[in-house]
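Trainee: Could you take one part of this model and go through it closely? I would like to follow how the strands of two chains meet, and what lies around that place.

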Amino acid sequence: MKLNRREALALGAGALFVTLTPFRGGALANTTDEEIKAFTGGATVMEDDVVSLTAPEIAENGNTVPIGVSIDSPMTADNYVKRVRILADGNPRPAVATMHFSPLSGSAEANTRMRLAKTQNIIAIAELSDGTYHMAKAAVKVTIGGCGG
Amino acid sequence: MAKSKPRVKVPKTATVGEVITIKTLISHKMESGLRKGKDGNLIPRQIINKFTAEFEGQQIFAVDIDPAISANPFLEFTMKVPGPGEFTFTWVDDDGSVYTTKSKLKIG
Amino acid sequence: MKKILTAGAVILMATLAMPAHAELDTDKLKGVKPTAENHPLEKIISGYEFRNKETQMLQDDDFDNPAYIWVDAGEELWSTADGAAGKSCADCHGDATTSMKGVKASYPKWNEAKGKPMTLQQQVNDCRTERMQADEWGWESDEMLGMAAYVASQSRGMPVAVKTDGQMTPWFEKGKDIYYTRVGQLDMSCANCHEDNYGKNIRADMLSQGQINGFPTYRLKWQKLGSVHRRFKGCMKNIRAKPFDVGSDEFVALELYVAWRGQNLPVESPAVRQ
């Protein structure tokens, strides 16, 4: 497809219009805020030190970034971590995983490996059995290799 | 790999009340559905979308997995040992395949 | 029969004396001295040392290392019969944990019947077509990579020591020539990055010495295991050169020469890199 300058400008304007049109909670809840809301049901999320999120400061390749969550909890039948939602705010789709813990877990700790499309924040939100939500963020720089090979 | 193969690292023996670490890995390309193939068309999504770890039929840990989890998905988590029994680890593929592996735990 | 029994007894004793898994002394990855007097490097350093902590950790534990998915598959294939002769690797070579010990450290190696050096992967295919009467495996197929990694892992921790004299000399010289010849639109040779500038960043990526003691290697970029020839091709594409083919005489010669540059480094296969 070849475009002349005028057509290119028109396309650009169209794209700009699409960008500016506010997202009205359609079928795809794919922005980070929408994902958080979908997970918490709109409840307040506390950004405190209940959740700790481990991630490398610099990832040598965005394809395999090791991450870990650890939530301060006794993990007893009446006081435990139910779920942890992991999101990446700079990926084409922010959803990464939802972890389900139980008192049988013994500790609310888990590690996995994830994909990051670029430098961005990883977000972990924990839902505790008392109905509260707690969040931690970690910024990860993704290296653009000089010699990917 | 053509067929997905799970690997599990779990102790064979433990004491009651001990918190043990379990590691699992399964071979899978985790095709995100966001990549384009050589013909310019999107490569259809095919991922492991769910992992479950059970002990004697009770859920220890489970994950709903999105395409942002890396190829050959790795998961590490813990269990507080309630007694002897059998683990069941299950992975569910988008194509409907279910991969299961079991492992026994003794008290010693 | 008696001879076989004796050999069996020797192997059994050897097995008892050796640990189940070859151990890797990670201290040696930090640098070893070359034996050859004309070696261009004072200190030979593994690619492991040029990677960050998170990448190193993926290699440090055999379970965490995703390459072991392929190693496990290779172990299964080792004793699986294939081809018209109805043989498996194990039918000729027995227990790989003893018979394949040290093999990777000495490859590429001169093959008298072929009249040229062969890489480990070529040797695997030679066994398949000649002895097993089976089809060749593709160079980057999961089967080939799994088998190569399984065999290579038996030499883990053993020092790389390839023969470069005698009939190998012209191949060694050819490999050396390729290493130092500038090619491609960027007009660069292997040496420009991996001899002159290792330890420096090329954009955000740190250049290593380009050592190959950890191949087949699980690369995060590839999200799978890959051969050293695949890696060579990647480098050549990056300098905008037309890559040689996997399994070509050029890459066999280059593999031999680069293996020599990594002399005394412990075999690290299957390594994990970025």
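**Where chains A and B meet**

Mentor: A good place to start is Met79(B), which, leaving out residues up to four places away in sequence, touches Leu104(A) and Ser105(A) from one chain and Glu18(B), Val19(B), Ile20(B), Ile22(B), Phe55(B), Ile60(B), Phe87(B) and Leu105(B) from the other. The model is a predicted one. Met79(B) belongs to the largest nonpolar core, a set of 57 residues, and is listed with Ile71(A), Val84(A), Phe51(B) and Phe87(B) as touching the most other members. A second core, separate from that one, has 28 residues, including Trp70(C), Leu120(C), Val124(C) and Val272(C). In soluble globular proteins, nonpolar side chains tend to be buried together.

Now the sheet. Six strands form an open, antiparallel sheet, and their order is E2(A)-E4(A)-E7(A)-E6(B)-E3(B)-E1(B). The edges are strand E2 (51–54) of chain A and strand E1 (6–9) of chain B; each has a single partner strand, so one side of each lacks a neighbour in the sheet. On average, neighbouring strands in this sheet are turned by 15° against each other, direction ignored.

Take the strands from the chain A edge. E2(A) is paired with E4(A) through four bridges, in the antiparallel sense, and Ser52(A) has Ser70(A) in E4(A) as its bridge partner. Strand E4 of chain A, residues 65–71, has five of its seven residues buried, so the rest of the structure largely encloses it. Seven bridges hold the antiparallel pairing of E4(A) with E7(A); in that pairing Gly68(A) has Asn111(A) as its bridge partner.

The crossing from one chain to the other comes next. Strand E7 of chain A, residues 108–114, runs antiparallel to E6(B) and is joined to it by two bridges. Opposite Thr112(A) in E6(B) stands Leu75(B).

Just before E6(B) in the sequence is a loop that also deserves attention. Ser70(B) sits in this loop, between strand E5 (58–65) and strand E6 (74–80) of chain B. With a relative accessible area of 2%, Ser70(B) counts as buried, because the cut-off for that is under 20%. Apart from neighbours within four places in sequence, its contacts are Asn63(A), Thr64(A), Val65(A), Arg113(A), Met114(A), Arg115(A) and Met30(B). A polar atom of the Ser70(B) side chain lies 3.2 Å from the backbone nitrogen of Met114(A).

E5(B) makes a further link between the two chains. Strand E6 of chain A, residues 95–100, pairs with E5(B) in the antiparallel sense over four bridges, and there Met99(A) has Val63(B) as its bridge partner. Within chain B, strand E4, residues 48–55, is joined to E5(B) by six bridges, and the two run antiparallel. Phe55(B) stands opposite Gln58(B) in E5(B); Phe55(B) is also one of the residues that Met79(B) touches. Two residues lie between the strands in the hairpin of E4(B) and E5(B), where Glu56(B) takes a positive phi near 50°.

For chain A as a whole, the count is two helices and nine strands, with both helices coming before the strands along the sequence. Of its 149 residues, 46% are buried. Of the contacts in chain A between residues at least 6 apart in sequence, 61% join residues at least 24 apart. Its accessible surface is about 7,700 Å², and carbon and sulfur atoms account for 54% of that.

Definitions and conventions
Residues numbered from 1 in each chain as written. Chains lettered and ligands numbered in written order. Predicted model: local features only at pLDDT ≥ 70, side-chain atom pairs only at ≥ 80, totals over all residues. Heavy atoms only, no water. Buried < 20%, exposed > 50% of the residue type's maximum accessible area, 1.4 Å probe, protein only. Contact = heavy atoms within 4.5 Å. Areas by Shrake-Rupley, 256 points an atom, 1.4 Å probe, with all protein chains shown as cover. Core = buried A, V, L, I, M, F, W, Y, C linked by side-chain atoms within 4.5 Å. Polar contact = N/O pair within 3.5 Å; in protein donor to acceptor, adjacent residues only side chain to side chain. Pairing = 2+ DSSP bridges. Axes fitted to C-alpha atoms, helices over the stretch in contact; angles between N-to-C directions.
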